[in-house]
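Visitor: Please take a close look at the largest pocket with me, and describe the lining in detail. I should also like to know what surrounds the parts that form it.

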Amino acid sequence: MLKRALFFATPCSLKLRDGQLVFHTKEAPDIERLVPVEDIGVVVLEHPQTNVTLPLLNALSDNNVAVVFCGDDRMPNAMLLNLDSNRTQGEKYRSQIEASKPLKKNLWRQIVEAKIRNQAALLRKLGKDGDLLKPYYMNVRSGDADNREGIAAKVYWSELFGRTFVRAREGDVPNNLLNYGYTILRAAVARALMGSGLFPAFGLFHRNRYNAFPLADDLMEPYRPYVDEAVYRLYAEGRTELTREVKGELLHLLFVDTRFGDLQRPLDVGLTFTAASLAKCLAGMQKKIACPALE
């Protein structure tokens, strides 16, 4: 089932009533709006004057909703995730912890190849030279031993946004749009991982003592080009500020079509396919991760 994404950018109050998220704005306190909690996948709380009750947060957590909290700068700052969202969670955790290095390296190889293929596909879709990346996604080595991901990224960004563009978190526009889009994607990936019984803190490749979700950073890689496409179009239209409308469009990324062979599903649903396949790979039930193919 396709879940809804809710974005609260104005002062409002949110509470729980009969299994539904109930909210009203300060501008219209007498008008209530209701959304069934079971229909929600992601909630973004942006405005500092947002009031939310503990029963609602618990209900959202029980339904594996990724709740994103924004800081004073109105950029995503933290996430609320359920710690018990899968009945076989303990078993899945053990499979993650006990996964061998060769298995992790093989899985990372698949992820890197899928990412670069999607980057090449996006370049072609936008009328650019996607064949520049063909040498990098062909025959990726186990664990991406020769760092084809990093080398391909330099070629990719140069072709996508021009030779002067540098991808950096604190860099010039459209880095601000990319940062926001990736944060939304990361939250959705973390939610999908938890729903599959996997713990985002146990990564395959990404590892940092200050990073609580390295596995989400691993698994989101093949999906990044979907963010890049949306940002490219916004940038081409001259929309470089993170306005309410732009943030809404980036949040809508969760509903763009993704393809898995002959099967087409919204991105948010596709993430569940990828996370579930990773859980099976770690458990020794299959060898290939289900990654989307950008068209």
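Guide: In this predicted model, the lining of the largest pocket is made up of 14 nonpolar, 9 polar and 10 charged residues. The volume of this pocket is about 790 Å³. Its lining contains 33 residues, and those closest to the centre are R169, Y182, R186, D217 and R224.

It is helpful to ask next which elements supply the lining. At least two residues each come from the strand β8 (76-80) and from the helices α3 (101-125), α5 (148-161), α6 (175-195) and α8 (224-236). The largest share belongs to α5, with 5 residues.

Two of these helices, α3 and α8, may be examined as a pair. As a general rule, two packed helices are described by the angle between their axes and the distance between the axes. The axes of α3 and α8 come within 9 Å of each other and cross at roughly 25°. Because angles under 35 degrees count as roughly parallel, α3 is roughly parallel to α8. The crossing in which α3 passes α8 is right-handed.

The helix α8 also leads to a further open space. The second largest pocket holds about 280 Å³. Its lining has 19 residues, and K125, Y226, E229, V256 and D257 lie nearest its centre. Here α8 is joined by α9 (244-251) and β9 (257-260), each of these three elements supplying at least two lining residues. The largest share, 5 residues, is that of α8. By class, this lining has 8 nonpolar, 2 polar and 9 charged residues.

There is also an enclosed space to consider. The structure holds 1 cavity of 30 Å³ or more, and the volume of the largest cavity is about 40 Å³. It is lined by G181, I184, L185, Y226, V227, L253, L254 and L267. Two elements, α6 and α8, give two or more residues to this lining. The largest share, 3 residues, comes from α6. By class, the cavity lining has 7 nonpolar residues, 1 polar residue and no charged residues. The residue Y226 thereby links two of the spaces: Y226 is among the residues nearest the centre of the second largest pocket, and Y226 is also part of the lining of the largest cavity.

Let us now return to β8, the strand that contributes to the largest pocket. This strand belongs to an open sheet of 4 strands with the order β1-β5-β7-β8 and mixed pairing. The edges of the sheet are β1 (4-8) and β8; each has a single partner strand, so one side of each is left without a neighbour in the sheet. On average, neighbouring strands of this sheet are turned by 15° against each other, direction ignored. At the β1 edge, β1 pairs with β5 (residues 40-45) in the parallel sense over 5 bridges. Within that pair, F8 stands opposite L45 in β5.

A second open sheet, also of 4 strands, completes this account of the surroundings. Its order is β4-β3-β2-β6, and the pairing is mixed. In this sheet, β4 and β6 (51-52) stand at the edges with a single partner strand each, so one side of each has no neighbour in the sheet.

The strands β2 (residues 12-17) and β3 (residues 20-25) pair in the antiparallel sense over 6 bridges. One bridge of this pair has S13 with H24 in β3 as its partner. Together β2 and β3 form a hairpin with 2 residues between them, and D18 in the turn has a positive phi of about 55°.

On the way to the edge, β3 pairs with β4 (residues 33-36), again in the antiparallel sense, over 4 bridges. V22 stands opposite L34 in β4, and F23 has R33 in β4 as its bridge partner. When such a strand is studied, one general point is useful: in a regular strand the side chains alternate between the two faces of the sheet.

To review the main thread, α5 gives the largest share of the lining of the largest pocket, α8 that of the second largest pocket, and α6 that of the largest cavity.

Definitions and conventions:
Residues are numbered from 1 along each chain as its sequence is written. This is a predicted model: local features need pLDDT of at least 70, side-chain atom pairs count only at pLDDT 80 or more; totals for chains, interfaces and linings use all residues. Side-chain values use heavy atoms; hydrogens and water are left out. Two strands pair if DSSP finds at least two bridges between them. On a 1 Å grid over the protein atoms alone, a cavity is a set of points where a 1.4 Å probe fits but cannot get out, and a pocket is an open set with protein on both sides within 12 Å along at least five of seven lines; lining residues have an atom within 4 Å of a point. Grid points are joined across faces, edges and corners, and a volume is the space filled by probe spheres set on the points. Ala, Val, Leu, Ile, Met, Phe, Trp, Tyr, Cys and Pro count as nonpolar, Asp, Glu, Lys and Arg as charged, and the others, Gly among them, as polar. Axes are lines fitted to C-alpha atoms, for helices over the stretch in contact, and angles run from 0 to 180 degrees between N-to-C directions. Angles under 35 degrees count as roughly parallel, over 145 as roughly antiparallel, 65 to 115 as roughly perpendicular and the rest as oblique. A crossing is left-handed if the near helix is turned anticlockwise from the far one by less than a right angle, and right-handed if clockwise.
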